Amino acid sequence: MVDPAQARDAISAGEATLGIELGSTRIKACLVAADGTVLATGSHAWENQFVDRTWTYSLDAVWTGLQESVAALLADAEEKHGVRPTALRALGVSAMMHGYLAFDADGELLVPFRTWRNTSTEAAATELTGLFGHNIPLRWSIAHLYQAVLDEEPHVPQVAFVTTLAGYVHWKLTGSRVLGVGDASGVFPIDPATRDYDARMLAQFDDLVAERQPGLRLADVLPEVLVAGQEAGRLTDEGAALLDPSGTLRSGTPFCPPEGDAGTGMVATNAVAPRTGNVSVGTSIFAMIVLEKALERVHTEIDLVTTPAGDLVAMVHCNNGASELGAWAEVFRQFAVASGHDTDADAVFGTFLRAALDGDADGGGLLAYNFLSGEPIAGLAEGRPLVVRTPDSRLTLANVARTQVYGAFGTLSLGMRLLAEEGVEVDALFAHGGLFRTAGVAQRLLAAAVDAPVAVGDTASEGGAWGIAVLAAYLDASDELDLGAYLSTRVFADAKVDVVEPDADDVRGFTAYLERYTAGLAIAQAAADAV
């Protein structure tokens, strides 16, 4: 923790570090001191669009959102500390993982950005999983590229560079076509021994597409892979103008490797060592467990990715997270307004969430499915959010709230049970995301859903923007300490962490709920087929 004078001096001297993360619903910027203390923040709300049956964001929206987030951060720094940063010690960019951004040799985008949320790549993912003997999820960049090959999309012969959203922003700010290994592990499988793309699988892919797309070599079109602590370029004059049109921020700042939100979530929760893990809850929800050894079997429900340092991680990724929960809270806010009570949205959300603690342990016979989009773990190609109940169920506010929270954790729990069958053990799961700002609710119910202790720290609501800022700060310490030691001794040494153990009644209740939830997935499939 730094005092006000130290904070002002650090900003003035260019000793602060800036992290930016492009999440699914919010772009956040976070300025931190050398010890990780948050000095200033800025954010911008945005939403994906469903255009021509594709979930996407426009690149114009990327830059508008980035600029507004940075402008808000600069103003926040001035308001809190009386000074705006002009120079920075280091900078990092993170974004939602996976998806498909393809560019031609002139750097022009060939097709609209295809985000992680799209589930149109089943044929490609299935074939590549069989070829590699390694699970290739639908949202991975290589699945999108191969699906475009299978569909004979006219842009494929022009592909010169494929990257993720974080890789794209980093490229435009620095001129460097690189990715952090964690983000790269959502592009193409990584060999843990080399901490680079798996050479055998690269050759297999090139052979596979040789007839359909002669001349397409993955090594030529994928970004270079870097690990945490390696410098990944510097802010160019053009990049500085893109990031901050006001001209306040100067060029020359070194960058850490761009990372995905999964990797920054691991950093933000100090979960990069074996037997640790984290759960991130937002528009999507995912759990990351650092493995002690490789899994014995290929599971299509489990991604094998890496930490930002390149260590193997089992990832349970669910396309649908807390959005439906938020939608129900908004309905109640509108009711309050209609009743003459103009209530703040955050206050309504907190009230709704806290009501879940008074619900029946099993949800009282209600079922909630949060499937706004397709959900591979549940076997659904398209989403249909549903609330289902039996005639004798107890329809109360508390049970609606509890089942909406349970619904957000349903598919995550299915994936975590597969890891338990593999013998994967976790000492504690660290949770982060805005859902955990309401103390004691989501944390307690998540502990029941995964039947493991769940910890929430001071940085839970800062999330990935803070995490990528910490990774940027690690540039100065990587020669002395590995990433795990750096986090434990330099960043989290004095961190306050609240740990909740699973409550036995909640665990029994959620188990009963999950049995009904699993049986009822046929309802969600029927809804998708019918409408």
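**View 1. Helices α13 and α17 of the predicted model, packed at an angle of about 80°.** In this predicted model, helix α13 (residues 397-421) packs against helix α17 (residues 504-519), and their axes lie 10 Å apart. Because angles of 65 to 115 degrees count as roughly perpendicular, α13 is described as roughly perpendicular to α17. On the α13 side the contact is formed by R402, T403, Y406, G407, F409, G410, T411, S413, L414 and R417, and on the α17 side these residues meet D506, G509, F510, T511, Y513, L514, Y517 and T518. By class, the residues of this contact divide into seven nonpolar, eight polar and three charged.

**View 2. Helix α11 alongside helix α13.** The axes of helix α11 (residues 323-338) and α13 come within 9 Å of each other and cross at roughly 155°. Since an angle over 145 degrees counts as roughly antiparallel, α11 is roughly antiparallel to α13. The crossing in which α11 passes α13 is left-handed. From α11 the contact draws on E324, L325, W328 and F332, while α13 contributes L397, Q404 and V405. Sorted by class, the contact of α11 with α13 has five nonpolar residues, one polar residue and one charged residue.

**View 3. The surroundings of Q404 in helix α13.** Q404, which is found in helix α13, takes part in the contact between α11 and α13. With a relative accessibility of 3%, Q404 counts as buried, because the limit for that class is under 20% relative accessible area. When its neighbours within four places in sequence are left aside, Q404 is in contact with E324, L325, W328, F352, A368 and V387; among these, E324, L325 and W328 are residues of α11 that also belong to the contact of that helix with α13.

**View 4. S94 in strand β6 and the residues around it.** S94 is found in strand β6 (residues 90-95), and with a relative accessible area of 0% this serine is buried. A polar atom of the S94 side chain lies 3.1 Å from the backbone oxygen of E259, and the side chain of S94 also reaches the backbone oxygen of G260, at 3.4 Å. Not counting residues up to four places away in sequence, S94 touches I20, E21, L22, A166, E259, G260, D261, T264 and I468, so that E259 and G260 appear in this list of contacts as well as in the polar distances given above.

**View 5. Helix α5, mostly covered, and the glycine that follows.** Of the 10 residues of helix α5 (residues 165-174), nine are buried. These are L165, A166, G167, Y168, V169, H170, W171, L173 and T174, and one of them, A166, is also touched by S94. After α5 comes G175, whose phi is positive, near 85°.

**View 6. T37 in the loop between β2 and β3.** T37 lies in the loop that runs between β2 (26-32) and β3 (38-45). At 14% relative accessibility, T37 counts as buried. The side chains of T37 and D35 are joined by a polar contact of 2.8 Å. Although T37 and V470 are 433 residues apart along the chain, their C-alpha atoms are separated by 9.8 Å.

Conventions:
Residues numbered from 1 in each chain as written. Predicted model: local features only at pLDDT ≥ 70, side-chain atom pairs only at ≥ 80, totals over all residues. Heavy atoms only, no water. Axes fitted to C-alpha atoms, helices over the stretch in contact; angles between N-to-C directions. Helix = DSSP H or I, 4+ residues; strand = E, 2+ residues; numbered from the N terminus. Parallel < 35°, antiparallel > 145°, perpendicular 65-115°, else oblique. Contact = heavy atoms within 4.5 Å. Nonpolar A, V, L, I, M, F, W, Y, C, P; charged D, E, K, R; others polar. Buried < 20%, exposed > 50% of the residue type's maximum accessible area, 1.4 Å probe, protein only. Polar contact = N/O pair within 3.5 Å; in protein donor to acceptor, adjacent residues only side chain to side chain. Left-handed = near helix turned anticlockwise from the far one by under 90°.
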